[in-house]
Amino acid sequence: MSISPHVGAVFFSAGVLIEETNPSRLMERRLGLRTAPEGDEEPRLDASRWAGVPTRLLCSELGSLRPLPGVRETAAWCWDHRLLPVIATAEWAPIGAYLAELLGFHSHTGTTLEARGGLFTGRGTAPVGAAGSCAMAVRRAADLGLRPEDCAVVSADGTDAPLFDAVGCGVAFNAPPEVRCRSTTAVDDEDLRAVIPALEHMAF
């Protein structure tokens with residue numbers, strides 16, 4: 001009898017993988033595409049802001065991101081225990097793709113940004129809200145041959161609440177109270193490896 005190459009997946013919010021804030025918002029601020037102060041209401045995702053931005057400029061800015069301690073080791077632990085580490089977020093797909101390759105993750109979800117001739121066109125898929133982010137992750141789980149209950153989520157973002165409710169294990173990492181109350185367990189630490197004990201029951 002063949003053994004499945006994986007028994008589950010762990011969806012990590014991009015915001016728990018780097019030392020700064022949400023990486024998509026951070027990139028937009030650094031590129032001058034988002035001017036409202038942190039916390040002010042502003043459409044979370046708007047592809048039109050990116051019109052004319054060189055793709056190489058985004059790559060250059062992404063190179064300055066500082067991964068949180070223990071991120072690569074946590075991804076490696078997931079691989080070793082037949083759990084696929086996935087960056088699941090409603091943020092921009094090019095940023096998720098960069099982080100997945102840099103940090104050793106299996107894949108990512110995200111909202112696409114069209115690019116032609118080395119420039120972003122300002123077109124992309126429709127903005128994705130909290131429910132859409134959850135749907136993306138559930139579809140990714142199905143693509144991997146997994147049920148949502150075979151998966152876990154690690155996040156500090158309140159917009160991931162629907163995903164916390166859909167998966168088998170929800171880990172609130174350095175999260176505010178409104179996220180903790182939706183989670184299976186809460187972890188506070190400066191190193192992402194602190195979430196591993198909360199995931200061990202899923203591993204084979």
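Is Cys-151 buried or exposed? Cys-151 is buried, at a relative accessible area of 0%. This report covers a predicted model.

## Overall make-up

The protein chain holds 8 helices and 8 strands. Of its 204 residues, 49% are buried. Take the contacts in the chain with a separation of 6 or more. Residues 24 or more positions apart account for 59% of them.

## Cysteines

Cys-151 has a relative accessible area of 0%, so Cys-151 falls under the 20% limit for buried. Cys-169 also counts as buried, because its relative accessibility is 2%. No disulfide turns up: a search of the whole structure finds 0.

## Helix α1

Helix α1 spans residues 23-30. Its buried residues are Pro-23, Ser-24, Leu-26, Met-27 and Glu-28. An α-helix has 3.6 residues a turn, so residues three or four places apart point the same way. The buried residues of α1 pack against two other helices, α2 (55-62) and α4 (93-103).

Both ends of the helix can be described. At the start of α1, a side-chain oxygen of Asn-22 comes to within 3.0 Å of the backbone nitrogen of Ser-24. After α1 comes Gly-32, with a positive phi near 75°.

## Glu-28 and Arg-49

Glu-28 lies in helix α1. Its relative accessibility is 1%, so Glu-28 counts as buried. What does the side chain of Glu-28 make with the side chain of Arg-49? The two side chains make a polar contact, at 2.7 Å.

## Ala-93 in helix α4

Ala-93 sits in helix α4, one of the helices that the buried residues of α1 pack against. Its relative accessible area is 13%, under the 20% limit, so Ala-93 is buried.

Which residues does Ala-93 touch, leaving out those up to four places away in sequence? They are His-108, Gly-110, Thr-111 and Thr-112. Gly-110 is 17 residues from Ala-93 along the chain, and their C-alpha atoms are separated by 4.1 Å.

## Largest pocket

How much space lies in the largest pocket? The volume is about 280 Å³. The lining consists of 16 residues. Nearest the centre of the pocket lie Gly-15, Val-16, Asn-22, Ala-156 and Asp-157. Asn-22 is also the residue whose side-chain oxygen reaches towards Ser-24 at the start of α1.

By residue class, the lining divides into 5 nonpolar, 7 polar and 4 charged.

## Asp-150

Asp-150 is placed in the loop between α5 (130-143) and β6 (151-155). Asp-150 has a relative accessible area of 18%, and is therefore buried under the 20% cut-off. Neighbours within four places in sequence are set aside here. Asp-150 is then in contact with Val-7, Gly-8, Ala-9 and Met-202.

## Positive phi outside glycine

Two loop residues deserve a look. Arg-82 is not a glycine, yet its phi is positive, about 60°. Arg-82 lies in the loop between α3 (71-80) and β2 (83-87). At 23% relative accessible area, Arg-82 is partly exposed, because that value lies between the 20% and 50% limits.

Asn-174 is not a glycine either, and its phi is positive at about 50°. The loop that holds Asn-174 runs between β7 (169-173) and α7 (177-180). Asn-174 is partly exposed, with a relative accessible area of 38%.

## Gly-118

Where is Gly-118 found? Gly-118 is in the loop between β4 (113-116) and β5 (119-124). Its relative accessible area is 35%, so Gly-118 is partly exposed.

Residues up to four places away in sequence are again not counted. Gly-118 then touches Val-53, Pro-54 and Thr-55. Gly-52 is 66 residues from Gly-118 along the chain. The C-alpha atoms of Gly-118 and Gly-52 are separated by 9.1 Å.

Note on methods: Residues are numbered from 1 along each chain as its sequence is written. This is a predicted model: local features need pLDDT of at least 70, side-chain atom pairs count only at pLDDT 80 or more; totals for chains, interfaces and linings use all residues. Side-chain values use heavy atoms; hydrogens and water are left out. A disulfide is a pair of cysteine sulfur atoms within 2.5 Å. Buried means under 20% relative accessible area, exposed over 50%, partly exposed in between (1.4 Å probe, protein chains only). Helices (H or I, at least four residues) and strands (E, at least two) are DSSP runs, numbered from the N terminus. Contact means heavy atoms within 4.5 Å. A polar contact is a pair of N or O atoms within 3.5 Å; within protein, one must be able to donate a hydrogen and the other to accept it, and residues adjacent in sequence count only if both atoms are side-chain atoms. On a 1 Å grid over the protein atoms alone, a cavity is a set of points where a 1.4 Å probe fits but cannot get out, and a pocket is an open set with protein on both sides within 12 Å along at least five of seven lines; lining residues have an atom within 4 Å of a point. Grid points are joined across faces, edges and corners, and a volume is the space filled by probe spheres set on the points. Ala, Val, Leu, Ile, Met, Phe, Trp, Tyr, Cys and Pro count as nonpolar, Asp, Glu, Lys and Arg as charged, and the others, Gly among them, as polar.
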